[in-house]
Amino acid sequence: MLINLYSSCSHTDGILTTMLNFSLPEAPSLAVLRSLAAQRILVLDGAMGTMIQALGMTEEDFTANGHIHGPGCRHQYHPDHPQKGNNDLLVLTQPQAVEDIQFQFAMAGADILETNTFSSTTIAQADYGLESAVYDLNVAGAQVARRAADRATREDGKPRFVAGAVGPTNRTASISPDVNDPGYRAVTFDDLRTAYGQQIDGLIAGGSDLILIETIFDTLNAKAAIFAAFESFAKAGRRLPLMISGTITDASGRTLSGQTPTAFWHSVAHARPFSVGLNCALGAAAMRPHMAEIASVATSLTCAYPNAGLPNAFGAYDETPDQTAAQVADFAREGIVNLVGGCCGTTPDHIRAIADAVASFPPRKVLA
Ligand SMILES: [Zn+2]
């Protein structure tokens, strides 16, 4: 499978590695993050989508009554494309609501806040006819999270960090969506590289401290994001730590593109990530053996942020904060995590319970 992944990519891994410039400087504030990570298990925030859903916003709320404004201009959208459900748009139309959610997560114990930009690429925003807004979505997404982070720090004096969230897009570069044409691809490496580059440029411009490439079901998509990130770092003249997070929803313990956790690590290790790990998927209990496998091979920090269990018939998550926290505490007890948090269904109460549950355990020892 590894060979297939590389051969379907126009760049060999050797070229990718030489393109990744590690000599660029990091921001001085990141020394604080690295030293905190050496002392304790760090905490990520929870599910933005779950919190937004609870607000019950209407189409008018999503579009601010049709007035979608970016930092510098007004964005046109076609009325054929309803915007309700385009959660990322809220950083432009309801920034205070997004900031308030992130602030709640920060005060619940999150050290790292994710930007609300999971789908802010031209590829994902094409569903909403808002491709022209992606740069502004990412700049504003990072600015909103930064405001929430700084507000929490003013409140309790603890440092907070902003992770620019990069989602997988809704297309896969290494698998055909057409069963009759296995060679067909709905997206290419270079399409993804360009789209991710626009996104990451915006996330850096808006003040992100890290870049989080998450919910990876196709490693080739993630490799395009890594490549794009280093191109963006070169443009910005500085390097941001990369967090890389895959997702395993298959009982066989493989990603959608067919990789085991060990293969996944070896496919992204060349990026020398700040952290590698898993998120989303089937909840903490199902994630545990796969996290243990990653922890046994990764020379970076490891990070786990599962869903609040399995979704029920209505797509909601029933696990209580204490239930999720008890399972995440097991990860900490086993010494397989350096960072933990929550994905779908996790509220500030879940994050508070997780932060409390892992506080007494030391962080995983990073492999040499
Ligand atoms: Zn999730």
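At 368 residues, a compact globule would be expected to have a radius of gyration near 21 Å, and the protein chain comes in at 19 Å, which agrees. This is a predicted model, so the values here are all computed from its coordinates. Along the principal axes, the C-alpha trace spans about 50 × 50 × 45 Å. Just over the halfway mark, 54% of the 368 residues count as buried. Contacts also reach a long way along the chain: taking those between residues at least 6 apart in sequence, 81% join residues at least 24 apart.

As for secondary structure, the chain has 15 helices and eight strands. Eight strands make up an open sheet, paired in parallel and running in the order β1-β8-β7-β6-β5-β4-β3-β2. The edges go to β1 (42-43) and β2 (112-114); each has a single partner strand, so one side of each is left without a neighbour in the sheet. Further in, β3 (residues 161-166) pairs with β4 (residues 210-216) in the parallel sense, with four bridges between them. In this pair, Ala163 sits opposite Leu210 of β4.

Turning to the helices, α15 (residues 348-358) is worth a look. Nine of its 11 residues are buried, so this helix is largely enclosed by the rest of the structure. The buried set consists of Pro348, His350, Ile351, Arg352, Ala353, Ile354, Ala355, Ala357 and Val358. So what does the covering? Among the elements over the buried residues of α15 are two strands of the sheet, β1 and β8 (339-340), along with the helices α7 (95-108) and α14 (321-333).Helix α14 also packs against α13 (residues 284-297), with the two axes 10 Å apart and at an angle of about 10 degrees. With angles under 35 degrees counting as roughly parallel, α13 and α14 are therefore roughly parallel to each other. On the α13 side, the residues involved are Ala284, Ala285, Arg288 and Met291; from α14 they meet Thr324, Gln327, Val328, Asp330 and Phe331. By class, this contact has five nonpolar, two polar and two charged residues. As a general point, an α-helix has 3.6 residues a turn, so residues three or four places apart point the same way.

Conventions: Residues are numbered from 1 along each chain as its sequence is written. This is a predicted model: local features need pLDDT of at least 70, side-chain atom pairs count only at pLDDT 80 or more; totals for chains, interfaces and linings use all residues. Two strands pair if DSSP finds at least two bridges between them. A residue is buried if 20 or more other C-beta atoms lie within 10 Å of its own, exposed if 12 or fewer, and partly exposed in between; C-beta atoms are placed from the backbone. Two residues are in contact if their C-beta atoms, placed from the backbone, lie within 7 Å. The radius of gyration is taken over C-alpha atoms; the globule rule is 2.2 Å times the number of residues to the power 0.38. Axes are lines fitted to C-alpha atoms, for helices over the stretch in contact, and angles run from 0 to 180 degrees between N-to-C directions. Angles under 35 degrees count as roughly parallel, over 145 as roughly antiparallel, 65 to 115 as roughly perpendicular and the rest as oblique. Ala, Val, Leu, Ile, Met, Phe, Trp, Tyr, Cys and Pro count as nonpolar, Asp, Glu, Lys and Arg as charged, and the others, Gly among them, as polar.
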